[in-house]
Amino acid sequence: MAAEGKGAQTAKKSCVIKWSEMHDLYLCREILFIKPYQFKPGSTYSGNSWTSIANDLCAVEEISFTVNQKSVRDRYRLLLDKHKKKMTVQESESGSKTDETELDQLLQNILEETEEALSSYDKETKEKQDKELLDRKNAEEVRQKALESLGQTQKRHVGEKDDCQLKKKLRKSGTETMIYLQNKAEREFDLRKEEMQLKRQEMEFQKEMQLEALRKQNSTTQNFEKMFEHFQTQQLTLQQQLMQQQQQYQQMQMKQAQQQQQMMQQQSQLVFTLLEKMSKN
């Protein structure tokens with residue numbers, strides 16, 4: 001991790017480097033391992049992959065690198081142009097590829113994989129690419145299995161020297177490239193394993209926090225339910241009191257109506273009595 005941090009700081013500086021064949025070999029090996037061409041050109045993921053290549057090269061101890069994203073991309077384009085011209089000249093002169101070095105084979109492999117990646121861009125939609133990238137980030141377990149499978153495959157290829165496909169891909173000193181990629185995969189596997197352990201601890205911590213929050217939420221819910229029940233009880237009591245008051249008011253109205261009726265009857269009787277007396281006089 002410290003080496004990666006040092007590489008990231010170095011990669012940000014303005015880079016002036018005298019490239020040698022060994023520098024070019026390390027560069028092409030790293031490109032073949034990271035595979036920046038698997039992302040859409042000009043995308044954020046493509047830029048991040050080239051930055052990762054520059055950082056890893058700056059962390060190499062066997063040979064000194066002082067590079068950044070721009071310098072490695074520019075050097076790769078220059079090497080690729082020279083390789084294409086060389087292959088064109090050789091095919092036009094002899095009709096076959098001769099005097100092919102490990103660097104030529106690395107560049108040819110990168111060129112072939114780049115062409116395959118570019119053809120896939122026309123067939124896949126952007127939504128599918130984003131989904132695959134998201135799956136690639138989240139599926140750490142799948143990546144670990146892939147790294148283990150890569151290491152086993154590389155060991156088998158080194159042992160099977162008579163295999164025709166191995167002769168075509170490696171040729172001459174191509175075995176060194178496979179060993180380099182194998183070591184790179186093993187280091188990457190160890191880093192991913194540590195990251196998985198940290199993520200697992202973080203997930204357990206988050207789980208405990210969620211359980212605690214859920215317990216608090218349940219306690220709050222229970223208190224709310226009790227308050228709601230008490231409120232309903234108060235509402236019911238209030239309704240009953242209102243009904244009683246309405247009944248009492250109705251009774252009072254009925255009683256007042258009866259009293260008024262009695263008073264009217266008494267007044268009528270009194271008037272009738274007075275009229276009788278007046279008629280007798």
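Is Glu30 buried or exposed? At 1% relative accessibility, Glu30 comes out as buried, where buried means under 20% relative accessible area, exposed over 50% and partly exposed in between, with a 1.4 Å probe and protein chains only. The model is a predicted one, so to speak of local features takes pLDDT of at least 70 and to count side-chain atom pairs takes pLDDT 80 or more, while totals for chains, interfaces and linings use all residues. Residues are numbered from 1 along each chain as its sequence is written, and side-chain values use heavy atoms, with hydrogens and water left out.

Now for the overall picture. The protein has 9 helices and 0 strands, these being DSSP runs numbered from the N terminus (H or I, at least four residues, for helices; E, at least two, for strands). Along the sequence the pattern reads α-α-α-α-α-α-α-α-α. Of its 281 residues, 27% count as buried. The accessible surface is about 21,000 Å², and carbon and sulfur atoms hold 53% of that; the areas come from the Shrake-Rupley method with a 1.4 Å probe, and for residues only the protein chains shown count as cover. Taking contact as heavy atoms within 4.5 Å, 72% of the contacts between residues at least 6 apart in sequence join residues at least 24 apart.

Glu30 sits in helix α2, so the packing of that helix comes next. Helix α2 (residues 21–34) meets helix α3 (residues 44–58) at an angle of about 135°, with the axes 10 Å apart. That angle makes α2 oblique to α3. Axes here are lines fitted to C-alpha atoms, for helices over the stretch in contact, and angles run from 0 to 180 degrees between N-to-C directions; under 35 degrees is roughly parallel, over 145 roughly antiparallel, 65 to 115 roughly perpendicular, and the rest oblique. The crossing is right-handed, meaning that the near helix is turned clockwise from the far one by less than a right angle (anticlockwise would be left-handed). On the α2 side the contact is made by Tyr26, Leu27, Glu30, Ile31 and Ile34, and on the α3 side by Ser49, Trp50, Ser52, Ile53, Asp56 and Leu57.

Setting aside neighbours within four places in sequence, Glu30 touches Ile53, Asp56, Leu57, Tyr180 and Lys184. Leu27, also of helix α2, is buried at 0% relative accessibility. With the same neighbours left out, Leu27 has contacts that include Trp19, Ile53, Leu57 and Arg75. Leu27 and Arg75 are 48 residues apart along the chain, yet their C-alpha atoms are separated by 8.8 Å.
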